[in-house]
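Reader: I am new to this structure and would like to learn how its features are read. Could we go through them one at a time?

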Amino acid sequence: MKVLFLDIDGVLISERSFWQAQLCHKEQAVLDRRALLALKKLVEQTGAKVVITSSWRNLPDEPPSRPYLDLQTRLAHNGTPVYSQTPCLESNTLDRSDEIAAWLEEHPTEWFAVIDDNDRFANRPDIRARWIPVNCRYGLCMKDVEKAVALP
């Protein structure tokens, strides 16, 4: 299986789309259309499944939040449905790379990329090496797609 570990804020919600939502007095930030197109292209080119790493994840033992359900619906309509999410590991010493490592221990993969706008991978250099840093101003774009596709 191939996997895209996907953050939301700064990746699918760019600064541009966030401020557009504010100007339109929307309660919730809007997913950036260009970022969604780039995600669709990335999934098509790699055949990867989307695994959410973002704080948008559904918390264990709680019903899914409305924003999470809306995100799932929007990604499904984009042709990039949510396959899974990483576990929420609460600790001052653990970072997002530990959550990804925990997910990988349970799910064999042949290839993965980490799409995030922040470096949260200090604990696991092997996972950090597969991180595609996204500029939060623009969100996921085609140059990020090219970098991810080029990962061995």
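Author: What follows is a conversation about a predicted model, going from the sheet to the cores, the aromatic pairs and two single residues.

Reader: Let us start with the sheet: how many strands form it, and in what order do they stand?

Author: A sheet is read by asking which strand stands beside which, and that order need not follow the numbering. Here 5 strands form an open sheet in the order β3-β2-β1-β4-β5, and the pairing is parallel. The edges are taken by β3 (82-85) and β5 (131-133), each of which has a single partner strand, so one side of each is left without a neighbour in the sheet. From one strand to the next, the twist averages 30 degrees.

Reader: Which bridges hold strand β1, and what are some of the partners along it?

Author: Pairing is read bridge by bridge, on one side of a strand and then on the other. Strand β1 (residues 2-6) is joined to strand β4 (residues 111-116) by 5 bridges, and these two run parallel; among the partners in β4, Trp111 is matched with Lys2 and Val114 with Phe5. With β2, β1 pairs in the parallel sense over 4 bridges, and Leu4 stands opposite Val50 in β2. Of the 5 residues of β1, 4 are buried, so the strand is largely enclosed by the rest of the structure.

Reader: Where do helices pack on this sheet, and which strands does α2 touch?

Author: For a helix on a sheet, one looks at the strands in contact and at the angle between directions. Helix α2 packs on the sheet and touches β1, β2 (49-52) and β4, its direction making about 160 degrees with that of β1. Helix α6 (residues 142-149) also packs on the sheet, where it touches β4 and β5, and its direction makes about 165 degrees with that of β5.

Reader: What is the general idea behind a nonpolar core, and which residues touch the most other members in the largest one here?

Author: In soluble globular proteins, nonpolar side chains tend to be buried together. The largest nonpolar core in this model has 30 residues, of which Leu4, Leu6, Ile8, Leu12 and Ile115 touch the most other members. At least two residues of this core come from each of β1, α2, β2, α3 (66-77), β4 and α6, and α2 gives the most, with 6 residues. If we look at Ile8 and set aside residues up to four places away in sequence, we find that Ile8 touches Ile13, Leu31, Ile52, Ser54, Trp56 and Leu71. There is also a second, separate core of 12 residues, which includes Phe5, Ile100, Ala101 and Trp131.

Reader: How many aromatic pairs does a search of the whole structure find, and how should I read them?

Author: An aromatic pair is read from the separation of the ring centres and the angle between the ring planes. The search finds 3 such pairs. Phe5 and Trp103 form one that is edge-to-face, at 5.4 Å centre to centre and with 85 degrees between the planes. Because Phe5 lies in strand β1 and Trp103 in helix α4 (residues 96-106), this pair ties together parts that are 98 residues apart in sequence. Both Phe5 and Trp103 are buried, and together with Phe112 they form one aromatic cluster.

Reader: Why is the pair of Phe121 and Trp131 called tilted?

Author: The ring centres of Phe121 and Trp131 are 5.6 Å apart and the planes stand at 45 degrees, so the pair is tilted; planes would have to be over 60 degrees apart to count as edge-to-face. Phe121 is buried, with a relative accessible area of 0%, and Trp131, at 14%, counts as buried too.

Reader: Is Thr46 buried or exposed, and which residues is Thr46 in contact with?

Author: A single residue is read through its place, its accessibility and its contacts. Thr46 belongs to helix α2 (residues 33-46) and is buried, with a relative accessible area of 9%. Leaving aside neighbours within four places in sequence, Thr46 is in contact with Lys2, Trp111 and Val149. A polar atom of the Thr46 side chain also lies 3.2 Å from the backbone nitrogen of Ala48.

Reader: And where does Ser54 lie?

Author: Ser54 lies in the loop between β2 and α3, and is buried, with a relative accessible area of 0%. Not counting residues up to four places away in sequence, Ser54 touches Leu6, Asp7, Ile8 and Arg96.

Technical notes:
Residues numbered from 1 in each chain as written. Predicted model: local features only at pLDDT ≥ 70, side-chain atom pairs only at ≥ 80, totals over all residues. Heavy atoms only, no water. Buried < 20%, exposed > 50% of the residue type's maximum accessible area, 1.4 Å probe, protein only. Polar contact = N/O pair within 3.5 Å; in protein donor to acceptor, adjacent residues only side chain to side chain. Contact = heavy atoms within 4.5 Å. Pairing = 2+ DSSP bridges. Axes fitted to C-alpha atoms, helices over the stretch in contact; angles between N-to-C directions. Core = buried A, V, L, I, M, F, W, Y, C linked by side-chain atoms within 4.5 Å. Phe/Tyr/Trp six-rings, centres within 6.5 Å; stacked < 30°, edge-to-face > 60°.
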